[in-house]
Amino acid sequence: MSDQTRPGVDRAAEQPSGGFRWLLVGGGLLLQFSIGAVYAWSVFSGALEDAEPFQLTKVEASLPFTVTIAMIFIGSYLGGRLQDVRGPRVVALAGGVIYALGIILASFADSGDELWLIILGYGVISGFGLGFAYIVPIAMLQKWFPDKRGLITGLAVGGFGFGAVLTSPVAQWLIDRDPDQPTSAFLPLGIAYLVMSLVGASIFRNPPAGYVVPGTTAAAGQAEKAAVTHDYTQGEALRTPQWYLLTAILTLSVSAGISLISQAKTSASDIAGYSVSGAAAVVGVLAIFNGAGRIVWAAVSDRIGRMPTFALLLGLQGICLILLPHASNAAFFFVLAAVIYLCYGGAFGTMPATAGDFFGVRNAGAIYGLMLIGWSIGGVFGPLLTSWLLGDDAAYTVAYTTIGVVALVAVALTVVTKLPRPRTSTADPAGGVPTR
């Protein structure tokens with residue numbers, strides 16, 4: 001689809017000021033901050049295990065979060081394709097509303113017998129809305145910032161990582177007001193998410209036809225775009241081995257980091273001896289590293305390359321997960337967990353720019369939206385495997401060592417993943433033979 005006919009394009013201002021694209025970054029961060037609150041789930045899972053009307057097992061308490069992550073792929077796939085057709089604003093607004101309504105619905109569950117309602121609201125509905133909205137600012141902002149691709153994709157998802165920073169202590173405060181009904185906290189939180197999503201997404205739009213970054217000439221802008229890569233269609237991308245290798249790297253990185261995130265609060269208490277309120281505070285602080293990692297590692301990848309960055313992300317997560325069960329010292333536990341959170345966020349900050357390098361940005365919504373199946377697979381595999389390995393005996397050494405070894409083995413994928421062979425004609429879809 002040409003720029004002239006692309007929906008969501010602002011035609012009223014043919015060359016918006018440089019400040020406007022940064023205003024869009026602010027809107028994207030606000031939207032991502034609201035949906036990123038999903039990472040505070042460990043605060044709720046612990047409360048649902050302890051509250052007398054619920055008393056869920058570890059596996060049962062992990063199910064709503066697991067289903068949420070599983071649904072993200074469906075939402076991001078449909079949202080990515082739809083935003084390429086209808087523009088970013090309507091898709092982001094719809095996703096934010098669906099997400100908030102799912103959270104509100106979960107607030108009506110008042111016992112363990114209604115776990116299905118939490119799974120439906122928090123898991124199925126809010127997970128779909130989350131994915132539907134999540135992909136939009138990533139695809140949109142890459143079009144506005146062709147000059148800062150690594151940095152801007154890190155910022156585009158940075159708000160998502162920071163979502164649990166405020167939500168964790170607020171959620172714990174709401175739960176403490178009525179500890180026997182921890183689900184009551186979902187109602188005020190859902191309303192807050194709704195407001196934030198609507199405000200952030202209301203300004204979304206694609207750049208105008210012929211958009212040039214302020215301060216550059218049209219010729220320089222076109223040269224910059226041409227230097228990036230051929231713009232693959234989704235079908236062309238799926239015919240390359242690189243798409244599957246990148247998706248596998250994302251899947252395994254997610255599996256490693258989310259294995260701790262899904263058990264962060266109880267791990268802090270059981271391994272390092274944090275109190276309940278202290279563990280909740282730690283979850284909130286760790287979310288800062290999740291958000292910061294998306295920005296820091298994306299910027300690092302601009303300097304050292306995408307695959308060396310992913311090798312570091314997987315390797316560091318593997319080492320820290322193996323050491324984590326032995327970190328009885330509270331400070332040492334926090335340092336290891338912070339590195340894991342930093343690397344987990346870094347994968348999400350770096351992968352959109354990596355996909356842009358490999359496949360171009362014109363169809364970024366559809367291509368990267370489909371690639372997020374790795375998030376859903378990893379989000380299901382990691383928590384379920386971890387909770388199963390932990391069992392009723394809380395076998396943290398077995399669980400985290402197993403996941404850590406998987407992450408270390410996955411480093412090999414970064415060595416064999418190269419850029420697709422340059423296209424020589426439109427009839428020659430990008431081959432899988434790497435040139436560098």
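Is R306 buried or exposed, and what relative accessibility does R306 have? At 11% relative accessibility, R306 counts as buried, and the first close-up below, like those after it, is drawn from a predicted model.

**Close-up A. D302, R306 and D357 are linked in a network of salt bridges.**
Side chains of opposite charge can pair when their charged atoms come close. In this view R306 pairs with D302, the closest N and O atoms being 2.9 Å apart, and R306 also forms a salt bridge with D357, where the closest N and O atoms are 2.6 Å apart. The pair of D357 and R306 links distant parts of the chain, since D357 lies in helix 14 and R306 in helix 13, 51 residues apart. While R306 counts as buried at 11% relative accessibility, its two partners are described otherwise: D302 is partly exposed at 43% relative accessibility, and D357 is partly exposed at 24%. For the structure as a whole, the count comes to 2 salt bridges.

**Close-up B. Helix 12, residues 276–304, is shown with its bend at A292.**
This helix has 29 residues and reaches 40 Å from its first C-alpha to its last, which is close to the 42 Å expected at 1.5 Å a residue. At A292 helix 12 bends by about 30 degrees. Just after helix 12 comes G305, which takes a positive phi of about 105 degrees.

**Close-up C. F289 and F334 form an edge-to-face aromatic pair.**
A pair of aromatic rings is described by the distance of the centres and the angle of the planes. A search of the whole structure finds 21 aromatic pairs. In the pair shown here, F289 and F334 lie 5.8 Å apart centre to centre, with 75 degrees between the planes. This pair links distant parts of the chain, with F289 in helix 12 and F334 in helix 14, 45 residues apart. Both rings belong to residues that are partly exposed, F289 having a relative accessible area of 27% and F334 a relative accessibility of 23%.

**Close-up D. Y344 and F348 form an edge-to-face aromatic pair within helix 14.**
The rings of Y344 and F348 are 5.2 Å apart centre to centre, and there are 70 degrees between the planes. Y344 and F348 both lie in helix 14, 4 residues apart, which is about one turn of the helix. An α-helix has 3.6 residues a turn, so residues three or four places apart point the same way. Y344 is buried, with a relative accessible area of 0%, and F348 likewise counts as buried at 0% relative accessibility. These two residues also belong to one aromatic cluster, which is formed by Y134, F160, Y344, F348 and W375.

**Close-up E. I319, L323, F332, V335 and L408 form a nonpolar patch on the surface.**
Together the residues of this patch have about 400 Å² of accessible area. The elements that give two or more residues to the nonpolar patch are helix 13, which spans 306–323, and helix 14, which spans 330–359. One of the patch residues, F332, lies in helix 14, and F332 is partly exposed, with a relative accessible area of 37%. Patch members must have over 30% relative accessible area, and F332 meets this cut-off because its value is 37%.

**Close-up F. Q55 and A394 are two loop residues with positive phi.**
Phi of Q55 is near 50 degrees, a positive value in a residue other than glycine. Q55 is found in the loop between helix 2, residues 41–50, and helix 3, residues 58–86, and Q55 is exposed, with a relative accessible area of 51%. A394 also has a positive phi, of about 50 degrees, although A394 is not a glycine. The loop that holds A394 lies between helix 16, residues 373–390, and helix 17, residues 396–416. Here A394 is partly exposed, with a relative accessible area of 28%.

Key: Residues are numbered from 1 along each chain as its sequence is written. This is a predicted model: local features need pLDDT of at least 70, side-chain atom pairs count only at pLDDT 80 or more; totals for chains, interfaces and linings use all residues. Side-chain values use heavy atoms; hydrogens and water are left out. Patches are made of residues with over 30% relative accessible area and no salt bridge: like charges are joined within 9 Å, nonpolar side chains (Val, Leu, Ile, Met, Phe, Trp, Tyr) within 5 Å. Accessible areas come from the Shrake-Rupley method with a 1.4 Å probe; for residues, only the protein chains shown count as cover. A salt bridge is a side-chain nitrogen of Lys or Arg within 4 Å of a carboxyl oxygen of Asp or Glu. Buried means under 20% relative accessible area, exposed over 50%, partly exposed in between (1.4 Å probe, protein chains only). The expected span of a helix is 1.5 Å times one less than its number of residues. The bend at a residue is the angle between axes fitted to the seven residues ending there and the seven starting there. Rings of Phe, Tyr and Trp (its six-membered ring) pair if their centres lie within 6.5 Å; planes under 30 degrees apart count as stacked, over 60 as edge-to-face and the rest as tilted.
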